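Work through the following exercises with the sequence and the model side by side. Each task is followed by a solution that proceeds step by step.

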Amino acid sequence: DERYLDFARYIVKSWDEPNGPGILSRLTAGKGLDEVGNAKAYEMLSNLVGLCELARATGDRAFLDPVVHAWNDVVKNRLYLTGSASAAEHFRKAHELPHGVADHIGEVCVTTTWIQLSMQLLRFTGERKYADEIERSAYNHLAAAQHPAGSDWCYYTALEGRKQYDAHITCCHSSGPRGMAMVVQEAYLTTERDGREALIVETRETSKATVPLPSGEVVVEQTSEFPRAGRSTLTLRAAKPFSLALVIPKPWWTSRLTVSSRGSSAELNVQPDGSIVLASDAWQSGTEIQINHDLELKTVDGGVSNPERRAMTWGPFVLAYDEARNPGGPPVRLVGLAAVVKAEPEPGDGLTFRLPVVGKDSSAAPFPAVFVPFADAGATGGALRVWLRAPGVAVKPADSLLAYAEESRSRPGNMGGSINDGDVSSFVVTFNGRKPKEDWYAVTLPEPVAIRRVVFRHGKTFHDGGWFDASQGKPRVQIQRQADAPWETIGELADYPAVDAVRGDL
């Protein structure tokens with residue numbers, strides 16, 4: 001109905017009124033998404049998806065100009081290696097990509113809407129870069145946000161710390177499943193190429209699709225060794241010979257793609273982007289197409305956002321160090337890569353790799369650590385880390401004797417940061433919805449040290465807590481001179497405010 005389109009045009013125009021947010025004009029002028037509107041990532045991406053729909057409904061592709069600029073801005077300046085964006089639900093300044101639990105990064109609604117926007121632009125343009133980013137997001141940040149059991153999701157998913165799964169009713173608990181359902185739609189795409197119906201094979205996984213063609217249905221079945229190896233076989237089945245251009249894209253993460261067919265005579269053409277097109281007007285049922293591409297372990301430099309850091313990838317998968325899978329290994333706050341090595345997946349189910357890492361003492365013998373995809377890391381509650389110290393980079397010195405030592409607390413709580421990693425934005429709590437008799441935080445040193453002064457720094461305070469209940473006494477400072485020895489009180493926080501469990505004056 002033209003009335004609805006007129007109303008949509010009016011809404012879009014109102015964005016650029018003199019006293020309005022100036023969204024379109026700012027984007028068209030080259031502004032970053034942190035400088036547009038309120039920089040709320042999910043809202044902004046949803047508006048851009050709406051512009052795509054308006055362009056499709058009206059045929060006016062001018063609506064796409066600010067959308068393409070915004071998409072490029074995210075990829076260049078605001079996209080995490082794992083394919084999501086946002087911190088505390090907003091776009092930050094260019095290359096400002098914090099990755100701790102307290103930074104609230106990669107909201108699931110943002111990840112899903114980013115995939116949705118990329119799918120819109122892929123449909124409009126057919127450009128490979130949009131498909132590449134859909135794959136990156138789906139295999140990494142979207143999959144990482146979902147608990148392996150399926151039902152629970154992380155609202156935010158940090159690249160360092162512990163995943164915060166929950167079963168609450170939230171926007172992200174609806175957006176996550178919606179994202180999973182969307183990415184499947186991109187596995188096999190139909191289009192037209194040189195006057196023929198065309199099928200783009202976007203997935204490298206074992207799969208099956210039924211493709212409607214003018215001559216009848218064609219069943220495409222893929223048997224694959226991915227993600228452990230870069231080999232798969234496509235088998236085409238139909239009731240009679242058919243015409244089709246089969247497009248095998250070159251993955252963005254591989255250096256080599258080869259394709260061969262058996263059972264039909266097909267013309268093979270290599271495209272400028274490395275994709276391979278097999279075309280025939282007489283495909284025979286039972287034709288098999290062999291696809292081979294390289295899969296290898298790669299090192300990614302941390303660049304501007306993560307200086308002196310490295311991350312590891314295998315194909316489209318970002319890998320992570322999972323503390324729970326590495327008993328006896330360095331804690332995540334101290335782990336660093338020992339060297340750049342070549343490695344293949346270890347035997348067994350899933351993807352696991354064995355890579356040498358070091359802890360605080362970089363000169364010590366490397367520890368053979370297990371790395372897994374970011375999507376799998378932290379699933380059992382262990383702390384994880386994607387960006388590790390680069391080989392040869394030492395742990396930053398700290399003023400405190402307690403820095404980087406083993407920490408513990410009375411209850412796990414629901415924040416997976418740290419109290420002694422030198423990062424003031426990283427923190428932990430003991431909150432679990434229940435009132436305890438006592439709460440405590442402790443740090444265990446590997447050997448005895450002489451301490452002359454203890455400094456208490458108050459952490460985060462929330463509307464419902466974040467302070468100690470001092471109604472029965474001030475918080476105490478205690479020491480344990482050796483393992484299993486009694487705790488000795490050496491002082492108290494005498495100036496701590498007189499607050500109770502339900503009211504804080506901090």
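**Exercise 1.** In this predicted model, determine the order in which the 5 strands of the open sheet are arranged, and state how they pair.

*Solution.* Reading across the open sheet, the strands come in the order 6-7-8-13-10, and their pairing is antiparallel. The next step is to find the edges, which are strand 6 (207–213) and strand 10 (257–262), since each of these pairs on one side only. From one strand to the next, the twist averages 20°. At the strand 10 edge, the antiparallel neighbour is strand 13, residues 287–293, and 6 bridges join the two. One position can be followed across this pairing, for V259 has I291 in strand 13 as its bridge partner.

**Exercise 2.** Check whether the distance between the end C-alpha atoms of helix 5 agrees or disagrees with the span expected at 1.5 Å a residue, and decide how far the helix is enclosed.

*Solution.* Helix 5 covers residues 108–125, which is 18 residues. The expected span is 1.5 Å times one less than the number of residues, which gives 26 Å for this helix. The end C-alpha atoms lie 26 Å apart in the model, and the two values therefore agree. Turning to accessibility, where buried means under 20% relative accessible area, 15 of the 18 residues are buried, so the helix is largely enclosed by the rest of the structure. Just after helix 5, G126 takes a positive phi of about 70°.

**Exercise 3.** Is R385 buried or exposed, and with which side chain does its own side chain make a polar contact?

*Solution.* Begin with its place in the chain: R385 belongs to strand 20, residues 384–385. Its relative accessibility is 5%, and because the cut-off for buried is under 20%, R385 counts as buried. The side chain of R385 makes a polar contact with that of E160, at 3.4 Å. Leaving aside residues up to four places away in sequence, R385 touches E160 and also L159, R309, A320, Y321, V332, R333 and V335.

**Exercise 4.** How many disulfides does the structure hold, and how far from C52 and from C154 is the nearest cysteine sulfur?

*Solution.* The structure holds 0 disulfides, a disulfide being a pair of cysteine sulfur atoms within 2.5 Å. For C52, the nearest cysteine sulfur is that of C109, 19 Å away, whereas for C154 it is that of C172, 9.8 Å away. As to accessibility, C52 is buried with a relative accessible area of 0%, and C154 is likewise buried, with a value of 0%.

Key: Residues are numbered from 1 along each chain as its sequence is written. This is a predicted model: local features need pLDDT of at least 70, side-chain atom pairs count only at pLDDT 80 or more; totals for chains, interfaces and linings use all residues. Side-chain values use heavy atoms; hydrogens and water are left out. Helices (H or I, at least four residues) and strands (E, at least two) are DSSP runs, numbered from the N terminus. Buried means under 20% relative accessible area, exposed over 50%, partly exposed in between (1.4 Å probe, protein chains only). Two strands pair if DSSP finds at least two bridges between them. Axes are lines fitted to C-alpha atoms, for helices over the stretch in contact, and angles run from 0 to 180 degrees between N-to-C directions. A polar contact is a pair of N or O atoms within 3.5 Å; within protein, one must be able to donate a hydrogen and the other to accept it, and residues adjacent in sequence count only if both atoms are side-chain atoms. Contact means heavy atoms within 4.5 Å.
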